[in-house]
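Open the model in your viewer and set it to cartoon, with side chains ready to switch on. The stops below say what to select and what is there.

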Amino acid sequence: TVHRPWGTYTVLLEEPQACYKLKRIVVKPKHKLSSQKHFHRNEHWIVVRGTAKIKNGNNTFLLRENESTYIPMGQIHRLENPGKIELVIIEAQVGSYLGEDDIVRLEDDFNRT
């Protein structure tokens, strides 16, 4: 489990040769991840607990438990927990490169680059 200012993520499964990785992401109430994009992977987010506020390209919307969204490679996106309980999502990454350094941060509440 990796700790971040907004919460934690845990890699559940990684198959580099098969080009996919599964993560459990926990976002603290009233926190959000950076606005970002990736050049080498697509992401699928499934909400398993709480409510997520999603920015996916030009669209902003809420997802609740058992709802999901797809983020295509290169799309600007952001995940936020507007609620009072922890937000838990399962993230499936699919692509040719799944390293944590494939993140281009465009806006970040914690001044990370």
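With which side chain does the side chain of N56 make a polar contact? Select N56 and T69: their side chains make a polar contact at 3.3 Å. Bear in mind throughout that this is a predicted model.

**Stop 1: around N56**

Stay on N56. N56 sits in strand 6, which covers residues 52–56. Is N56 buried or exposed? N56 has a relative accessible area of 7%, which is under the 20% cut-off, so it counts as buried. Now show what surrounds N56. Beyond its neighbours within four places in sequence, N56 is in contact with F61, T69, Y70, I71, P72, Q75 and I76.

**Stop 2: the hairpin of strands 6 and 7**

Select residues 52–56 together with strand 7, residues 59–63. Strand 6 and strand 7 pair antiparallel, over five bridges. To see one of the pairings, pick K55: its bridge partner in strand 7 is T60. Two residues lie between the strands of this hairpin, and G57 takes a positive phi near 70°.

Move on along the chain to N66. N66 is in the loop between strand 7 and strand 8. Phi of N66 is positive, near 75°, and the residue is not a glycine. N66 has a relative accessible area of 72%, over the 50% cut-off, and is therefore exposed.

**Stop 3: strand 8**

Select residues 68–71, which make up strand 8. Which side chains of strand 8 point to which face? T69 and I71 point to one face and are buried. S68 and Y70 point to the other face and are not buried. In a regular strand, side chains alternate between the two faces of the sheet. Recall that T69 is the polar contact partner of N56.

Next add strand 5, residues 41–49. Four bridges join strand 5 to strand 8, and the two run antiparallel. H44 stands opposite Y70 here.

**Stop 4: the open sheet**

Zoom out. Strand 8 belongs to an open sheet of six strands, ordered 1-2-3-10-5-8 and paired antiparallel. Where are the edges of the sheet? The edge strands are strand 1 (2–4) and strand 8 (68–71), each pairing on one side only. From one strand to the next, the twist averages 20°.

Now start at strand 1 and work across:

- Strand 1 to strand 2 (residues 7–15): three bridges, antiparallel. Pick H3, which stands opposite T8 in strand 2.
- Strand 2 to strand 3: eight bridges, antiparallel. Pick V11, which stands opposite K23 in strand 3.
- Strand 3 to strand 10: eight bridges, antiparallel. Pick L22, which stands opposite A92 in strand 10.

Look also at the turn in the hairpin of strand 2 and strand 3. Four residues lie between these strands, and C19 takes a positive phi near 65°.

**Stop 5: K30**

Select K30, in the loop between strand 3 and strand 4 (35–37). K30 is not a glycine, yet its phi is positive, about 65°. Is K30 buried or exposed? K30 has a relative accessibility of 57%, which is over 50%, so it counts as exposed.

**Stop 6: G74**

Go to G74, in the loop between strand 8 and strand 9. Draw a C-alpha to C-alpha distance from G74 to F39: 5.3 Å in space, with their positions 35 residues apart in sequence. Which residues is G74 in contact with, apart from its neighbours within four places in sequence? The contacts are K37 and H38. At 37% relative accessibility, G74 lies between the cut-offs of 20% and 50%, so it counts as partly exposed.

**Stop 7: the largest pocket**

Finish with a surface view. The largest pocket has a volume of about 230 Å³. Select W6, L33, Q36, E100 and I103: of the 21 residues that line this pocket, these are the closest to its centre. Then colour the strands that contribute to the lining. Strand 3 (20–27), strand 5 (41–49), strand 9 (77–80) and strand 10 (87–95) each supply at least two residues.

Technical notes
Residues numbered from 1 in each chain as written. Predicted model: local features only at pLDDT ≥ 70, side-chain atom pairs only at ≥ 80, totals over all residues. Heavy atoms only, no water. Buried < 20%, exposed > 50% of the residue type's maximum accessible area, 1.4 Å probe, protein only. Polar contact = N/O pair within 3.5 Å; in protein donor to acceptor, adjacent residues only side chain to side chain. Contact = heavy atoms within 4.5 Å. Pairing = 2+ DSSP bridges. Axes fitted to C-alpha atoms, helices over the stretch in contact; angles between N-to-C directions. 1 Å grid on protein atoms, 1.4 Å probe; cavity = no way out; pocket = protein on both sides within 12 Å on 5 of 7 lines; lining within 4 Å. Points joined across faces, edges and corners; volume = space filled by probe spheres on them.
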